[in-house]
Amino acid sequence: MEVSLVRSILRHYGIQGGQHDQHFLVDEAILDRIVESANIAPDETILEIGAGIGNLTERLLRRAGRVIAVEFDPKLVAVLEDRFKGEEKLQLIHGDVLKVEFPVFDKVVANLPYSISSEITFKLFRYDFKLGILMYQYEFARRMIAKPGSDDYSRLTVNTAYFADASIIMKVPKGVFSPPPQVESAVVKVCPRPAPFTVTNKDFFLKFVTAVFTKRRKKIKNAIVESNHMLGIHNVKQVVSRLPEDLMKLRPENLDPAQLAALSDRILAMQQET
């Protein structure tokens, strides 16, 4: 869809592009590549988050057996209802993506709202799906695939590593959106799989990772103690004194996901002893 046509649609429906993460992907080649990367079978159900004016939706409908499109903005919902009137393969959900329950889906393909990328990603990890082809802010995508010890290594990296394999399949320039955002973007391929390391209690592990990364620049020993209001560890200083000394001297950002999982398990085991 040409930029001039996008602008005409936005004017017609009274939509102010550029607000509330509303940057519409208009480059035909990139839209096609996103859909091709999803390798959609005719019997699959595709979830699209933030359908916007439907440029990606249109391509998904050509390939999939069913498309579930979630859109929050009522003006954009009106665009989608007009554009795809009578389209039986489309289920349009008007609601907050962080509050609605997703119906069963096989794959998720979406240009995500960047301001809530973390929340949406963590929510998606609670669902059972085959593949995600997801557009993020480039800096966010880098954090998803970062290596321990790098500046980009974070809670997001560890959570992603627990739930899925992730890789950047293309970087996306600003100029392919209307209106252009202020940041570069990237498309990430997310392949859910069983965790490559075991944890005794998944919920405690994820809470532990969240807590220590709030103090990522401190030694893990101090990070655990200072974030204990989030963890509720009894006799936390005594517990920390019994953890491997070589690891306690490192920062959270220097421990790989498996090492963080092992620490989480050790702490939980010690709590159960008391």
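A contact here means heavy atoms within 4.5 Å.

**Figure 1. Overall view of the predicted model.** Among contacts between residues at least 6 apart in sequence, 64% join residues at least 24 apart. The protein has 13 helices and nine strands, and its C-alpha atoms fill a box of roughly 65 × 35 × 30 Å along the principal axes. Of the 274 residues, 50% are buried.

**Figure 2. Surface and charges of the protein.** The accessible surface comes to about 13,300 Å², and carbon and sulfur atoms account for 48% of that area. There are 37 positive and 34 negative charges, and the mean positions of the two sets lie 6 Å apart.

**Figure 3. Close-up of Thr-210 in helix α8.** Helix α8 spans residues 202–213. A polar contact of 3.0 Å links the side chain of Thr-210 to the side chain of Arg-155. With residues up to four places away in sequence set aside, Thr-210 touches Arg-155 and Met-230.

**Figure 4. Close-up of Asp-152 in the loop between α6 and α7.** The flanking helices cover residues 138–144 (α6) and 155–163 (α7). Asp-152 has a relative accessible area of 21% and therefore counts as partly exposed, because buried means under 20% and exposed over 50%. Arg-142 is ten residues from Asp-152 along the chain, and their C-alpha atoms are separated by 6.6 Å. Arg-142 is also one of the residues in contact with Asp-152 when neighbours within four places in sequence are left aside; the others are Arg-143, Ala-146 and Thr-157.

How values were computed. Residues numbered from 1 in each chain as written. Predicted model: local features only at pLDDT ≥ 70, side-chain atom pairs only at ≥ 80, totals over all residues. Heavy atoms only, no water. Helix = DSSP H or I, 4+ residues; strand = E, 2+ residues; numbered from the N terminus. Buried < 20%, exposed > 50% of the residue type's maximum accessible area, 1.4 Å probe, protein only. Areas by Shrake-Rupley, 256 points an atom, 1.4 Å probe, with all protein chains shown as cover. Lys, Arg positive; Asp, Glu negative; His and termini not counted. Charge placed at Lys NZ, Arg CZ, Asp CG, Glu CD. Polar contact = N/O pair within 3.5 Å; in protein donor to acceptor, adjacent residues only side chain to side chain.
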